[in-house]
Amino acid sequence: MAVSASMVKELREQTGAGMMDCKKALTETDGDMEEAVNYLREKGISKAAKKADRVAAEGLTYVTSSGNKAVIVEVNAETDFVAKNENFQTLVQNIAGYLLDNEPADVESALSVEVAEGTTLEGYINDQIAKIGEKISLRRFQIVQKDDNASFGEYLHMGGSIGVLTLVEGTTDNSVAKDIAMHVAAINPSYVSRDAVPSEETEQERELLKQQALNEGKPENIVEKMVEGRLNKYFEQICLLDQEFVKDTDQKVGDYLKNQGLSIKTFIRYEVGEGIEKREDNFAEEVMSQVKK
């Protein structure tokens with residue numbers, strides 16, 4: 001298939017590889033973006049597969065708890081000007097409170113929750129759209145339950161551009177859980193532990209690393225040992241418990257928790273707009289189009 005300039009640009013953004021390398025990778029893989037990323041990694045051209053999701057939408061995340069339950073939520077708006085607006089911030093906090101009180105299963109059922117007599121959450125949001133003047137949407141949320149000997153960690157970065165909720169078991173002191181939440185916000189792990197990594201992902205990474213080592217001309221008899229060493233490095237990138245703790249890089253997060261007799265059950269990290277395609281507008285053309293009307 002024909003390789004377009006936009007495809008090359010997208011692959012470059014994902015991998016950081018050069019233009020010609022990206023074009024060759026796409027040609028070799030018949031335009032399959034995922035296979036092209038793997039091709040570049042196998043050749044050692046791409047240092048790492050970057051996330052393909054392009055962060056674009058504005059809005060806020062918010063985290064709050066009450067008793068043994070907590071909620072993390074993301075609400076989107078069209079501009080970051082509105083996201084900084086006090087009315088929008090209040091809206092997000094109110095939505096989180098409604099979610100925590102009613103515990104709906106998903107966004108669709110959340111929108112039908114009655115928040116006042118004769119008014120659903122969807123109606124409440126629509127009223128705010130009329131007042132604020134921008135499209136506003138409840139994008140996602142998650143409610144987490146804990147027992148009495150556990151604690152929530154709640155952390156908002158940059159006022160809510162990133163929100164993290166953690167659940168640490170073995171203590172009611174939330175300072176440790178908050179420290180872990182700050183770590184998750186900064187490092188962005190994908191899983192709690194190696195056990196949580198799908199076997200398919202581990203095997204795919206092992207095969208990529210093996211091919212990489214062979215392409216480097218390493219003897220086959222030492223390739224397996226090299227692959228396992230590099231796989232450990234991969235786990236350190238994606239698994240929370242294997243990562244150096246940001247507040248004390250002399251120990252891993254897992255050791256930090258274990259030394260206090262604690263364990264982490266889960267974490268949720270929301271970054272505003274992650275995975276939402278940004279509309280690419282030419283600002284100058286937009287202004288001129290308005291002038292000509």
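Q: Which residue in E2 is the bridge partner of Val-63?
A: In this predicted model, Val-63 has Ile-72 in E2 as its bridge partner.

Q: What makes E1 and E2 a pair of strands?
A: Two strands pair if there are at least two bridges between them. E1 and E2 (residues 69-77) are joined by 9 bridges, so they meet that definition. The two strands run antiparallel.

Q: Why are E1 and E5 said to stand at the edges of their sheet?
A: The order in this open sheet of 3 strands is E1-E2-E5, with antiparallel pairing. E1 and E5 (137-145) each have a single partner strand, so one side of each has no neighbour in the sheet. On average, neighbouring strands here are turned by 10° against each other, direction ignored.

Q: Which helix lies across E1, E2 and E5?
A: That is helix H5 (residues 86-102), which runs at about 140° to E2.

Q: Why is Leu-60 called buried?
A: Buried means under 20% relative accessible area. Leu-60 comes in at 9% relative accessibility, so it counts as buried. You will find Leu-60 in strand E1 (residues 58-66).

Q: What does Leu-60 touch, leaving aside residues up to four places away in sequence?
A: Its contacts include Val-73, Val-75, Phe-88 and Val-92, and also Gly-159, Gly-160 and Val-272.

Q: How many residues apart in sequence are Leu-60 and Glu-271, and how far apart are they in space?
A: They are 211 residues apart in sequence, while their C-alpha atoms are 8.5 Å apart. For the protein chain as a whole, 62% of the contacts with a separation of 6 or more are between residues 24 or more positions apart.

Q: What is the strand order in the open sheet that contains E7, and which strands stand at its edges?
A: The order is E6-E7-E10, with antiparallel pairing. E6 (150-157) and E10 (263-271) are the edge strands: each has a single partner strand, so one side of each is left without a neighbour in the sheet. The twist from one strand to the next averages 10°.

Q: How do you know that E7 pairs with E6 and with E10?
A: The cut-off is at least two bridges. E6 and E7 (residues 162-169) pair over 8 bridges, and E7 and E10 also pair over 8 bridges. Both pairings are antiparallel. To follow them on the structure, look for Ser-151 opposite Val-168 in E7, His-157 opposite Ile-162 in E7, and Leu-165 with its bridge partner Ile-268 in E10.

Q: Which helix packs on the sheet of E6, E7 and E10?
A: Helix H8 (residues 174-187) does, touching E6, E7 and E10, and its direction makes about 40° with that of E6.

Q: Why is E7 described as largely enclosed?
A: Of the 8 residues of E7, 7 are buried, so the strand is largely enclosed by the rest of the structure. For the protein chain, 40% of the 293 residues count as buried.

Q: What makes the phi of Met-158 worth a look?
A: Most residues other than glycine have a negative phi. Met-158 is not a glycine, yet its phi is positive, at about 55°. Met-158 belongs to the hairpin of E6 and E7, which has 4 residues between the strands.

Q: Is Met-158 buried or exposed?
A: Exposed means over 50% relative accessible area. Met-158 has 69%, so it is exposed.

Q: Why does Asn-188 count as partly exposed?
A: Partly exposed covers values between the 20% and 50% limits. Asn-188 has 28% relative accessibility, so it falls in that class. Asn-188 lies in the loop between H8 and H9, and its phi is positive too, near 60°.

Q: Why are H3 and H9 called oblique to each other?
A: The axes of H3 (residues 33-42) and H9 (residues 199-215) cross at roughly 40° and come within 8 Å. Angles under 35 degrees count as roughly parallel, and 65 to 115 as roughly perpendicular. The crossing angle fits neither class, so the two helices are oblique to each other.

Q: Which residues of H3 meet H9, and how do the residues of this contact divide?
A: Glu-34, Asn-38, Arg-41 and Glu-42 are the H3 residues; their partners in H9 include Gln-204, Glu-205 and Leu-208. The contact divides into 1 nonpolar, 5 polar and 4 charged residues.

Terms used
Residues numbered from 1 in each chain as written. Predicted model: local features only at pLDDT ≥ 70, side-chain atom pairs only at ≥ 80, totals over all residues. Heavy atoms only, no water. Axes fitted to C-alpha atoms, helices over the stretch in contact; angles between N-to-C directions. Parallel < 35°, antiparallel > 145°, perpendicular 65-115°, else oblique. Contact = heavy atoms within 4.5 Å. Nonpolar A, V, L, I, M, F, W, Y, C, P; charged D, E, K, R; others polar. Buried < 20%, exposed > 50% of the residue type's maximum accessible area, 1.4 Å probe, protein only.
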